[in-house]
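Me: I should like to go through the terms used for this structure and see how each one is justified. Please set each value against its definition.

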Amino acid sequence: MTSSETVTAGLSATRRAVATARRIVVKIGSSSLTTTEGGLDGRRLDTLVETLSRRAAEGSQVVLVSSGAIAAGLAPLGLGGRPGDLATQQAAASVGQQALAHAYAASFARFGLTVGQVLLTADDVVRRAHYRNARRTLRRLLNLGAVPVVNENDTVATAEIRFGDNDRLAALVAHLVEADALVLLSDVDALYDGDPRHGRARVVREIATAEDLEGISVGGTGSSGLGTGGMTSKVQAARVACSAGIPALLTSAELAEEALGEAEVGTVFGTTGPRLSARRFWLAHAASARGRLHLDAGAVSAVVRRRRSLLAAGITGMEGSFEGGDVVELIGPSGEVVARGVVAYDASELPELIGRSSHELPAEQRREVVHADDLAPLD
Ligand SMILES: Nc1ncnc2c1ncn2[C@@H]1O[C@H](COP(=O)(O)OP(=O)(O)O)[C@@H](O)[C@H]1O
Ligand SMILES: N[C@@H](CCC(=O)OP(=O)(O)O)C(=O)O
């Protein structure tokens, strides 16, 4: 088998994984559910719900991450476009979210399905105890046969603690519920090698490794002006899911039915890593870092390739005012984040330790700065 055949076989396996996923997270963007003039588009919402209900009837558990609260609130409040300030966005989300929840409940009820609304703030995944709590609720909802409908809790989230984009939220939720696949639905049918709004662009069917993204230019939100993250946040979300062993598919809401089958639509992203434990995933992608430790090349190799603990000798500098138990980023010699981990010392204790090898230090200061079990290397 040639290497390109190997890739093809692997990627059709990715499509099959989406088609056969027992637990699937589907994210739909604002631009696919709403219009600036009319608010919520009930017909498009019903079409999506029909597709998801069919999937549920076939035995899959479905989690829907739905954007659209802000956009759905614009028309009822007489707002002509997406507001720039947070307070008006939150007011719009307050009106729009309840319209969304009502519409989903009514639409899923046509198929005898009950929905559970789950509104999350970034704190719900950043703080470890909240993260476990969110995971427990989502899993219980699924086990009770309900369809969780997830969105960011926009009405209370402040600028500092916003996720801001539901693509990332969907990737986090996919891991929280141990999904078998993530599907991102937008207003564009696939990833292109350049923004299709700006001239000719070529469709990209498959992303197997990070190298496949080289030369692909991803840009901002679509022409509706209702979305937030654009293609950049979708690609990032797909990569987060794939790095944790969850395959992803990106396509338009109109092609959802085909995408959930095995049709060659959209762009599939193959997994790039094994399933990560909840703790490692949280460390790598959800927790917020309180500081940074700069590493020399030897320490990067020990931590990332050999999966060893980080010792003081390999640290060349530090930033931040963290305490022992906080999450910090580990930075390589050229400034890139190579891993995240839970630091064992307070920031005030470290300056006298860094750069010194264990035998130079008193016994009580010889413990690892970040233990291997508390490390999550990033790709
Ligand atoms: N390389 C690319 N391939 C496809 N779409 C792209 C690309 N770069 C930018 N885009 C734009 O991203 C838009 C989708 O993002 P967005 O408007 O945020 O959607 P949503 O509301 O579904 O989250 C598309 O309409 C498209 O114009
Ligand atoms: N939570 C916000 C949506 C944020 C968001 O990511 O929007 P989109 O880019 O349309 O998926 C809302 O419901 O309006």
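**Terms and their grounds**

Me: Why is E178 called partly exposed?

Reply: E178 has 17 C-beta neighbours inside 10 Å. A residue is buried with 20 or more other C-beta atoms within 10 Å of its own, exposed with 12 or fewer, and partly exposed in between, the C-beta atoms being placed from the backbone. E178 therefore counts as partly exposed. The model is predicted: local features need pLDDT of at least 70, side-chain atom pairs count only at pLDDT 80 or more, and totals for chains, interfaces and linings use all residues. Residues are numbered from 1 along each chain as its sequence is written, while chains are lettered from A and ligands numbered from 1 in the order in which they are written.

Me: Where does E178 lie, and what is notable about its phi?

Reply: E178 belongs to the loop between α7 (166-176) and β7; helices (H or I, at least four residues) and strands (E, at least two) are DSSP runs, numbered from the N terminus. Its phi is near 55°, a positive value in a residue other than glycine. Most residues other than glycine have a negative phi.

Me: What makes R307 exposed?

Reply: R307 has 12 other C-beta atoms within 10 Å, so it is exposed. R307 sits in the loop between α11 (297-305) and β14 (315-320), and it too is a non-glycine residue with a positive phi, about 55°.

Me: How do you know that strand β7 is largely enclosed by the rest of the structure?

Reply: Six of the six residues of β7 (residues 181-186) are buried, so the strand is largely enclosed. Its two faces are both covered, with A181, V183 and L185 buried on one side and L182, L184 and S186 on the other. In a regular strand the side chains alternate between the two faces of the sheet.

Me: What makes β1 and β7 a pair?

Reply: Two strands pair if DSSP finds at least two bridges between them. Strand β1 (residues 23-28) and β7 have five, in the parallel sense, and V26 stands opposite V183. Five bridges also join β7 to strand β11 (residues 248-252), again parallel, with S252 as the bridge partner of S186.

Me: Which residues touch the most other members of the largest nonpolar core?

Reply: Of its 111 residues, they are V25, V173, L182, V183 and A241. Such a core is a set of buried Ala, Val, Leu, Ile, Met, Phe, Trp, Tyr and Cys residues joined through C-beta atoms within 7 Å.
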